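Got your viewer open? Let's take a short walk through this one, a stop at a time.

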Amino acid sequence: MLHEEEAYREGLQIEDLNHVTLNGRKIVPMTTDDAPVRIAVIGAGLIGRRHIQHILAEPRCRLAGIVDPDPNARRLAQQAQTTYYAEIDAFLKAADAEAAIISTPNDTHAPLGIQCAQAGLHLLVEKPLAADLRSGAALIEQTVKSSIQILVGHHRRFNPYIEATRRILEAGTLGTVTAVNALWTTLKPDGYFDVAWRRRPGGGPVLINLIHDIDCLRYLFGDIERLYAESSSGVRGFAVEDTAALVLRFCSGVLATIVTSDAAASPYNFESATGENPLLHAAAQDCYRIFGTRATLSFPDMTLWDYEGADGQGWSDPIASRRCPVEFAPPLERQLRHFCDVVRGNTAPRCSAEDALKTLTVTLAVGEAARKGAPITFDWAGLPDG
Ligand SMILES: NC(=O)c1ccc[n+]([C@@H]2O[C@H](COP(=O)([O-])OP(=O)(O)OC[C@H]3O[C@@H](n4cnc5c(N)ncnc54)[C@H](O)[C@@H]3O)[C@@H](O)[C@H]2O)c1
């Protein structure tokens with residue numbers, strides 16, 4: 001029997017520093033701090049293509065392959081001059097990657113993420129972290145076991161308007177925040193539903209879109225204590241909802257209402273309001289209103305409303321508005337740069353997997369609260385603060 005060290009040497013093949021294998025399995029070589037981060041994209045659909053564009057434009061990283069069974073992805077890889085893999089096993093065996101962005105359908109995030117983590121790849125997993133809590137927890141467990149970094153793609157945390165709103169809240173400009181009203185409403189065209197998983201439970205506006213608003217509000221106001229919800233699939237009649245209405249109580253005491261619908265002709269949604277997504281027509285309307293004892297902030301037009309003059313005024317006094325200027329920069333680009341820092345160990349992930357699991361917990365509870373017609377109260381004891 002071979003000694004362990006000899007066995008190791010037997011199986012170790014070094015062609016050059018970028019092509020080191022152990023028993024046929026690729027080993028990720030050591031990198032220096034300023035070397036471009038080699039990132040592969042797994043799932044080159046709607047959002048994966050945007051990640052690819054940002055990677056190609058970003059000097060701090062390099063595209064290390066595209067993994068997707070769709071033949072269009074092969075053409076895309078040719079155009080992007082990167083290696084194409086039809087499936088994950090071939091990629092993990094051969095690819096020269098140290099990190100991966102997983103932008104595949106929700107129910108594949110955890111299994112693909114676990115495989116990548118086992119291979120030592122750092123991860124940017126698109127939201128939601130997973131399709132269910134059990135597989136989300138399994139993914140977290142594997143990332144800890146494999147000592148890899150994981151960032152979850154709640155990219156709105158990198159939106160300059162959200163960052164400015166956090167600064168305004170931290171400065172106490174609004175006084176005590178009493179309530180928030182949020183809208184995510186638009187009309188998804190019929191063709192969007194040609195993809196089967198978007199018609200099934202988990203593929204609708206709650207898990208695809210509302211999850212962003214829940215995460216945004218958690219990022220601004222902390223953990224959620226209780227949730228009430230109603231949902232409906234009355235317009236399209238698919239198994240998945242097309243509309244939902246929520247009431248939330250945050251642990252901080254802030255109350256919120258959210259209305260979401262992907263079956264409504266409306267400009268009142270985060271993407272149209274901020275113009276952050278080129279796929280949605282920009283409409284420059286507000287989508288959140290944050291109400292405080294001193295002032296109200298309308299978001300993302302960043303209009304602050306407060307009474308003129310000294311304290312102690314009320315509804316019969318003149319109320320004036322002013323704008324807080326914000327310089328826009330694409331959140332996905334900013335998220336990618338942050339991911340490079342996370343991979344290089346320079347910073348902690350702005351949206352950790354544990355944090356994303358909390359967002360997922362609340363989001364999944366929307367369906368349950370609506371089905372039961374009863375509120376859901378969350379117990380975050382033992383989990384890190386959100
Ligand atoms: N952050 C955001 O704003 C945002 C926006 C859209 C979608 N998303 C998320 O990104 C994910 C993808 O959404 P989409 O709209 O781009 O979907 P999509 O259907 O357009 O693309 C998914 C791609 O994954 C590929 N794929 C499926 N199984 C695969 C596998 N096992 N290995 C490799 N590739 C595989 C498909 O062929 C397809 O090309 C979803 O989880 C969604 O929630 C996030």
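Which residues are exposed on the other side of H6? Select Arg134, Val144 and Lys145: these are the exposed ones. Keep in mind as you click around that this is a predicted model.

Now show the whole helix. H6 covers residues 133–145, 13 residues in all, and spans 18 Å from its first C-alpha to its last, close to the 18 Å expected. Next, colour Ser135, Gly136, Leu139, Ile140, Gln142 and Thr143, which are buried. Turn the view until you look down the axis of H6: these buried residues fall within an arc of 165 degrees, so they line one face of the helix. That fits the general pattern: an α-helix has 3.6 residues a turn, so residues three or four places apart point the same way.

What covers the buried residues? Add helix H5 (109–118), strand E8 (122–126), strand E9 (150–153) and helix H11 (353–372), which are among the elements covering them.

Zoom in on the two ends. At the start of H6, a side-chain oxygen of Asp132 comes within 3.2 Å of the backbone nitrogen of Arg134. After the helix, pick Ser147, which has a positive phi, near 50 degrees.

Last stop: the ligand. It has 25 residues around it, and Ile47, Asp68, Asn106, His109 and His155 come nearest. Try some distances to ligand oxygen atoms: 2.9 Å from a backbone N or O atom of Ile47, 3.4 Å from a side-chain N or O atom of Trp197, and 3.3 Å from a polar side-chain atom of His212. Taken alone the ligand exposes 840 Å², and the protein buries 83% of that.

Notes: Residues numbered from 1 in each chain as written. Predicted model: local features only at pLDDT ≥ 70, side-chain atom pairs only at ≥ 80, totals over all residues. Heavy atoms only, no water. Helix = DSSP H or I, 4+ residues; strand = E, 2+ residues; numbered from the N terminus. Expected span 1.5 Å × (residues − 1). Buried < 20%, exposed > 50% of the residue type's maximum accessible area, 1.4 Å probe, protein only. Arc of directions from axis to C-beta. Contact = heavy atoms within 4.5 Å. Polar contact = N/O pair within 3.5 Å; in protein donor to acceptor, adjacent residues only side chain to side chain. Near = heavy atom within 4 Å. Areas by Shrake-Rupley, 256 points an atom, 1.4 Å probe, with all protein chains shown as cover.
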